[in-house]
Amino acid sequence: MTFTLHAPSRRELLTASGVLFAWPFMPRVARAEGRDPRLMVVVLRGALDGLALAAPVGDPDWVKLRGDKALTLEGKTPGLPLDGFFALNPAMPNLHRLYKANQAMIVHATCTPYRDRSHFDGQDVLESGFAKPGNAASGWLNRAFAAIEPDARIDRRGALGVGPVVPLVVRGPAPVVSWTPQRIAPAGEDTLMRLIDLYQHSDPALARVLQGRLNLMHVAAAGNIDALTPAQREQLAGIEAVRAYFAEVASTAAKLMARQDGPRIGAVAVNGWDTHIDEGAVGGRLGNLLGALDGAIAAFETGMGPVWKDSVVVLVTEFGRTAHINGDNGTDHGSGTVALLVGGALKGGRVIADWPGLKETDLFEKRDLKATTDLRAMLKGVLKDHLRIDDKVLADAIFPDSRAVTPLSGLLG
Amino acid sequence: MSTDPKFQAALALHRFGLGPKAGLIDAIASDPRGALLAELEKPGIGLVFDANLMSASKSSMTAFMYRQEQMAMRIAKQNEKNEMANAAAAEAPGNVMAKADAKVAAKPDQKPNDAKPSDPKATDPKEPKMADAKPDALADKQADDKADPKKPKPPNVQQRIFRNEARAHFIAANTAEIGFVERLVWFWSNHFCVSADVVPYMAGGYEREAIRPHVLGRFADMLVAAEGHPAMLIYLDNFRSVGPKSVAGLIGKVGLNENFAREILELHTLGVRTGYTQADIIAFAKVLTGWTILPAATNPDHGSEFVFNPRLHEPGPQTIMGKVYAEVGVNQGRAVFADLARHPATATHVATKLARHFVADDPPPALVKTLEQRFRDSDGDLKEIAKALVAAPETWDTPMTKLKRPNEWLTAMRRAIPDAPGDVVQGLQARARLGEPLWRPPQPEGFSDVQGPWADGLAQRLDIAEIVASRVEATVDPKDLLETTLGPLASADTRRAVARADSRQQAIAIALMAPEFHRR
């Protein structure tokens, strides 16, 4: 069939052959400045609930909106204070630490120009950099890479794409080197739950089998892993597997990029953010995922080591979710959400938001957090200040038809 | 059940075939029954032509010769070591221990395993070994790099034999238009199963030589081809069965093997508890003595081929189920096989199994009756029985409750996504992981044909669906995939679940895991 279960990892193959590492490049301008910038893009597929990651605790309508699901600074698991108005999900202590060290910032109430709430189209827009869906031939990061004038003395081999399928954001005309993690991205609990839901209607016998797997995952999540047989443990794909996968991806990608002769630009996509039912922003499913992501952020920092000071990691999602909680204790597809920037090169410690408010009249189509910052403004700001790509190239080649979108300035230190 | 022609076309492709390819549902919608019948008439259908493949016996001999060479090299190496150790010991007089050690080590551990004449279990081909796994498609290119010391070792002679056979088997399934005849090949190959755990280098050749040529021929011919095949004679231990009053038996070689006769009656022909007795089994076992193979070591040109050896054969007439078989030699067995093939219990047994395989775990009695009748009327003409299966109304009216076996599901996936990366080793691994390793049934009964044992593997199917989805998300549109695989069979719920997935990858995984895609 079509896959390898325990194949030699890409890493083994890469490290086995020095020849493969002749791909580095350095933007000439940055090099002239004595910098050697690294840029990593993490695509969070499935539409992350930005309000669950960074809650507007200073907004008087916040608790009214989400009731007991609202993250606040009080209560049993209080949020981590950011700037007086926003609080960070308590599952993300590493992000909080970096924020306090001015090495992380959050852009809130942001979104791509896409508003129609289809994941596939939304991801196309997010990753292609085009204003509309239907352009999936290349991604903006790849075109940005192509736009950089490399140091002529060094052979330019490519940007790093992580995963068995290179994310669209980094695919395109410029060369891409890919690395596939040794671990398999675990069959998400989310996919399992969707299938159980589907089977329950049409095929209860099969639903029971998958329910059994889910129960197994819950047993393990509750810490009773010793009660499982080795075979059961092997088939588990609970949050521990997700954590391990995120951490391996982040750590290895960072280590590759930190090498003197390694790639300077990379991208990875991680799935699972589509929380229609039982979102569990605090202590539940989304909380767990955010915790895994927080671990990945720490792994980026550690893996980059001494070059962390020259690094920026961009974490973006295709759109946000409804402001209200739905009848299944989840949220549905929405618009405005957060984007995260972490890295030693940043002027962090800030939440950047032109806050739209949460009253019904403030919401986009009376349901979503309104997007007041075009996500492309942030991305253009990073590419401009970090990689020194000029405005015109940004507006035409990298984010076509985006002249009206001014790059956010001052993101980097 | 819907009478919409597109629905029937999709049903035909899942129930009788190996799953739809892009556009195939529409292509046969004008006449699904006609398309199935037309496949039966295609010249050469069911056969495999591949210049890389050797006969089962040749494969077995080639593997045998390879092992001899390896063994010789091992012994030579060991001797070299011993000489060095001896020399060292000689230089250090008084060091008795060293000498003793060398002697112990000198004892060759290469005693040939003669449990099986040419395909010993002891030298399993290790096909599904994870370490043999190829890296993913992208890494593959790198693996070709000469500078890469981790380049996987090329497969040895034995591995190549098995993989070439497996590849031919997979290609036949992937390239078949509908796959009705391939499904019949799989059915009969499982009915008359051998195991590659016992005959690793013969299992593929066995299917090509004993099953495929007769898959639309006469049951009686397939029966003799299967039971007389070296792979079967080794698998069910008949090759060393000795008649007590045969020449070999009288000079002291012992061991009448009842197993072969019992399995033929119980599994391959009459079916369990159909009236035969222990005495019938023993008589039949005696009839079958002498059905053996030529030893590999002493027959360079014909080793491992079938031979009737009269020195092992029990002389005299035998009585089986009341009938006296007075024939001499190999003809005695042939006469019994001819009668077994015509026995009404065989017709019932085969008809029930076919109906269970294609239509329902508890097949409609009317369908079983129809097939049974056709079997008898046509004197076991398997093409006529296949036609009767297509013609029967129950075949089209029965709800789709069969759970596809892992091989069927994997093949359907491959046919729907032909560009998915993956090679023969990965194909073998996937089958093993889902509990249906190619040509390795757990017992002579073959793999189960009812849902029970397979349902538990559904969670593992999800793992595989997710991996496949992650590999093809850049090139496969989930909605197109759903049209290809299910079309009119896809429920509104399934369509919604695919449309609402949070990524292409998840959408593809859900499409591949759709309940309708597991059922047929």
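**Notes on a predicted two-chain model**

1. Starting at the N-terminal end of chain B: helix α1 (residues 5-15) and α3(B) pack with their axes 9 Å apart, at an angle of about 30°. The two are therefore roughly parallel to each other, since angles under 35 degrees count that way. On the α1(B) side the contact uses B:Pro5, B:Gln8, B:Ala9 and B:Ala12, and these meet B:Pro32, B:Ala35 and B:Leu36 of α3(B). By type, the residues of this contact are six nonpolar, one polar and no charged. Bear in mind throughout that this is a predicted model.

2. Now the overall make-up. Chain A has 14 helices and twelve strands, while chain B has 27 helices and four strands. Of the 413 residues in chain A, 57% are buried; for the 520 residues of chain B, the buried share is 49%. Looking at contacts between residues at least 6 apart in sequence, 72% of those in chain A join residues at least 24 apart. For chain B, the corresponding share is 71%.

3. Next, the α17/α18 pair in chain B. The axes of α17(B) (residues 365-377) and α18(B) (residues 382-391) come within 9 Å and cross at roughly 155°. That makes α17(B) roughly antiparallel to α18(B), and their crossing is right-handed. From α17(B), the contact takes in B:Thr370, B:Leu371, B:Arg374 and B:Phe375; from α18(B), B:Glu384, B:Ile385, B:Ala388 and B:Leu389. Five of the residues in this contact are nonpolar, one is polar and two are charged.

4. What else does α18(B) pack against? Its buried residues are B:Leu382, B:Ile385, B:Ala386, B:Ala388, B:Leu389 and B:Val390. Besides α17, they pack against α3 (32-41), α8 (180-191), α10 (219-227), α16 (344-358) and α19 (393-397) of chain B. Note that α3(B) turns up again here, having already been paired with α1(B) in point 1. Likewise, B:Ile385, B:Ala388 and B:Leu389 are on the buried list and also take part in the contact with α17(B).

5. On the cores: the largest nonpolar one has 141 residues, and those with the most contacts inside it are B:Val199, B:Ala231, B:Phe284, B:Leu371, B:Ile510 and B:Leu512. Helix α23 (residues 458-472) of chain B gives the most to this core, with eight residues. B:Phe284 is worth clicking on: leaving aside residues up to four places away in sequence, B:Phe284 touches B:Ala261, B:Leu265, B:Ile320 and B:Val336. A second, separate core has 116 residues, including A:Val42, A:Val249, A:Ala281 and A:Leu346. As for B:Leu371, that residue is also part of the α17(B) contact with α18(B).

6. One helix pair spans the two chains. Helix α8 of chain A (residues 189-202) and helix α25 of chain B (residues 492-499) have axes that come within 10 Å and cross at roughly 170°. α8(A) and α25(B) are therefore roughly antiparallel to each other. A:Arg194, A:Leu198, A:His201 and A:Ser202 meet B:Asp493, B:Thr494 and B:Ala497 across this contact. The mix of residues is two nonpolar, three polar and two charged.

7. Two loop residues deserve a look for their backbone angles. A:Asn329 has a phi near 60°, a positive value in a residue other than glycine, and is found in the loop between β9 (311-317) and β10 (337-342) of chain A. B:Ser304, not a glycine either, has a positive phi of about 70° and sits in the loop between β1 (291-293) and β2 (306-308) of chain B. Buried or partly exposed? With 15 C-beta neighbours inside 10 Å, A:Asn329 counts as partly exposed. B:Ser304 has 30 such neighbours and therefore counts as buried, as the cut-off for that class is 20 or more.

8. Finally, a glycine in chain B. B:Gly422 lies in the loop between α20 (406-416) and α21 (424-433). B:Gly422 counts as buried because 23 C-beta neighbours fall inside 10 Å. The C-alpha atom of B:Gly422 is separated by 9.8 Å from that of B:Arg471, although the two residues are 49 apart along the chain.

Methods. Residues are numbered from 1 along each chain as its sequence is written. Chains are lettered from A and ligands numbered from 1 in the order in which they are written. This is a predicted model: local features need pLDDT of at least 70, side-chain atom pairs count only at pLDDT 80 or more; totals for chains, interfaces and linings use all residues. A residue is buried if 20 or more other C-beta atoms lie within 10 Å of its own, exposed if 12 or fewer, and partly exposed in between; C-beta atoms are placed from the backbone. Two residues are in contact if their C-beta atoms, placed from the backbone, lie within 7 Å. Axes are lines fitted to C-alpha atoms, for helices over the stretch in contact, and angles run from 0 to 180 degrees between N-to-C directions. Angles under 35 degrees count as roughly parallel, over 145 as roughly antiparallel, 65 to 115 as roughly perpendicular and the rest as oblique. A crossing is left-handed if the near helix is turned anticlockwise from the far one by less than a right angle, and right-handed if clockwise. Ala, Val, Leu, Ile, Met, Phe, Trp, Tyr, Cys and Pro count as nonpolar, Asp, Glu, Lys and Arg as charged, and the others, Gly among them, as polar. A nonpolar core is a set of buried Ala, Val, Leu, Ile, Met, Phe, Trp, Tyr and Cys residues joined through C-beta atoms within 7 Å.
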